[in-house]
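Subject: Structure for you to look at

Dear colleague,

I am passing on the structure we spoke about, with the sequence beside it. Please open it first and keep it in view while you read the notes below.

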Amino acid sequence: MDLFSKEPDYRSLTYEEVRDLALKCEKCPLSKTRNKVVFGTGPVPCDLMLIGEAPGADEDEQGEPFVGRAGQLLTQILASVDIKRPDDIYIANTLKCRPPDNRTPQASEQAACWPYLEAQIFSFVKPKIIILAGAPAIKAVLKTDEPISKLRGKWQKLPGTDIAVMPVFHPAYLLRNPSKEIGKPKWITWQDMKEVKGALEYHRKLRELVREPED
Ligand code: SF4
């Protein structure tokens, strides 16, 4: 425990210890209305991480991120660029608990929950690339008020780091806009995911080159 704050020093804890703290967390009022804490799933470490907004009803029920209809669509979009769940991507949200009626997360809730996400990013997953799905995740992680319309599809850097960030539409938005026509949100998101896949391949090849024995 840090002497000057009530927060534990997450950097000194294991992944399981941080997850266990989150599963019992009562740092914000969402602890009173949640069913299950949705910490995150996927390999640790992992080159690719996706961060969404908050759990919905299905996620709150099952304790897993992106398992409802939006999650199924996300799985399909990722598969279309040969990114497989759960092996190739770690998935989490800015909030570990569901806001009532799926309302937009409040800044105070995201601030209370940030230390868990921070530990996931920097201590455990250590991604090369982060996909940010939807405006609330983009706002919370990039600490920006720029609208998603300006940021989507343009590579960003996680503030203070070299981690590449790709902001994309949230799959729930794509469910409401199902057309696959060129230029529509679904098609645009597919292009964004192809960009992500290209960047992932770049990192994979770079790692192979570094590992190649010298003649
Ligand atoms: S949303 Fe985050 S900070 Fe709030 S109770 Fe859940 S785990 Fe704790």
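What follows is a short tour of the sheet, one helix, the ligand shell and a few loop residues.

Please bear in mind throughout that this is a predicted model.

The sheet is a good place to begin. Five strands make up an open sheet with mixed pairing, and their order across it is S2-S1-S3-S5-S4. Strand S2 (90-93) and strand S4 (156-157) stand at the edges with a single partner strand each, so one side of each has no neighbour in the sheet. At one of these edges, S4 pairs with strand S5 (residues 164-168) in the antiparallel sense over two bridges, and there Lys-157 stands opposite Ala-164 of S5. Helix H8 (residues 185-211) packs on the sheet, where it touches strand S1 (48-52), strand S3 (129-133) and S5, and its direction makes about 165° with that of S5.

Strand S3 deserves a closer look. Five of the five residues of S3 are buried, so this strand is largely enclosed by the rest of the structure. In a regular strand the side chains alternate between the two faces of the sheet. In S3, Ile-129, Ile-131 and Ala-133 point one way, while Ile-130 and Leu-132 point the other way. S3 runs parallel to S1, to which four bridges join it, and Ile-131 is the bridge partner of Leu-50. The pairing of S3 with S5 is also in the parallel sense, over five bridges, with Leu-132 opposite Pro-167 in S5.

The ligand comes next. The shell around it holds 14 residues, of which Cys-25, Cys-28, Lys-96, Cys-97 and Cys-113 come nearest. By class, nine residues of this shell are nonpolar, one is polar and four are charged. Which helix gives the largest share of the shell? That share, three residues, comes from helix H4 (residues 107-125).

Helix H4 has further features that you may wish to trace in the model. A kink of about 45° lies in H4 at Cys-113, shortly before the proline Pro-115, and Cys-113 is also one of the residues that come nearest to the ligand. The buried residues of H4 include Glu-109, Gln-110, Cys-113, Tyr-116 and Phe-124, and the buried residues of this helix pack against helix H1 (15-23), S1, S2 and helix H5 (135-142). After H4 comes Lys-126, with a positive phi near 50°.

Finally, several loop residues are worth checking. A cis peptide bond with omega of about 0° joins Val-44 and Pro-45, and Pro-45 lies in the loop between H1 and S1. The bond from Arg-85 to Pro-86 is likewise cis, with omega near 0°, and Pro-86 has its place in the loop between helix H3 (69-80) and S2. Asp-82 lies in that loop between H3 and S2; its phi is positive, near 60°, although the residue is not a glycine. Is Asp-82 buried or exposed? With 11 other C-beta atoms within 10 Å, Asp-82 is exposed. Lys-143, in the loop between H5 and helix H6 (148-151), has a positive phi near 50° and counts as exposed, with 10 C-beta neighbours inside 10 Å. Asn-177, in the loop between helix H7 (171-176) and H8, also counts as exposed, with 12 C-beta neighbours inside 10 Å.

With best wishes

Terms used. Residues are numbered from 1 along each chain as its sequence is written. This is a predicted model: local features need pLDDT of at least 70, side-chain atom pairs count only at pLDDT 80 or more; totals for chains, interfaces and linings use all residues. Two strands pair if DSSP finds at least two bridges between them. Two residues are in contact if their C-beta atoms, placed from the backbone, lie within 7 Å. Axes are lines fitted to C-alpha atoms, for helices over the stretch in contact, and angles run from 0 to 180 degrees between N-to-C directions. A residue is near a molecule or strand if its C-beta atom, placed from the backbone, lies within 6 Å of it. Ala, Val, Leu, Ile, Met, Phe, Trp, Tyr, Cys and Pro count as nonpolar, Asp, Glu, Lys and Arg as charged, and the others, Gly among them, as polar. The bend at a residue is the angle between axes fitted to the seven residues ending there and the seven starting there. A residue is buried if 20 or more other C-beta atoms lie within 10 Å of its own, exposed if 12 or fewer, and partly exposed in between; C-beta atoms are placed from the backbone.
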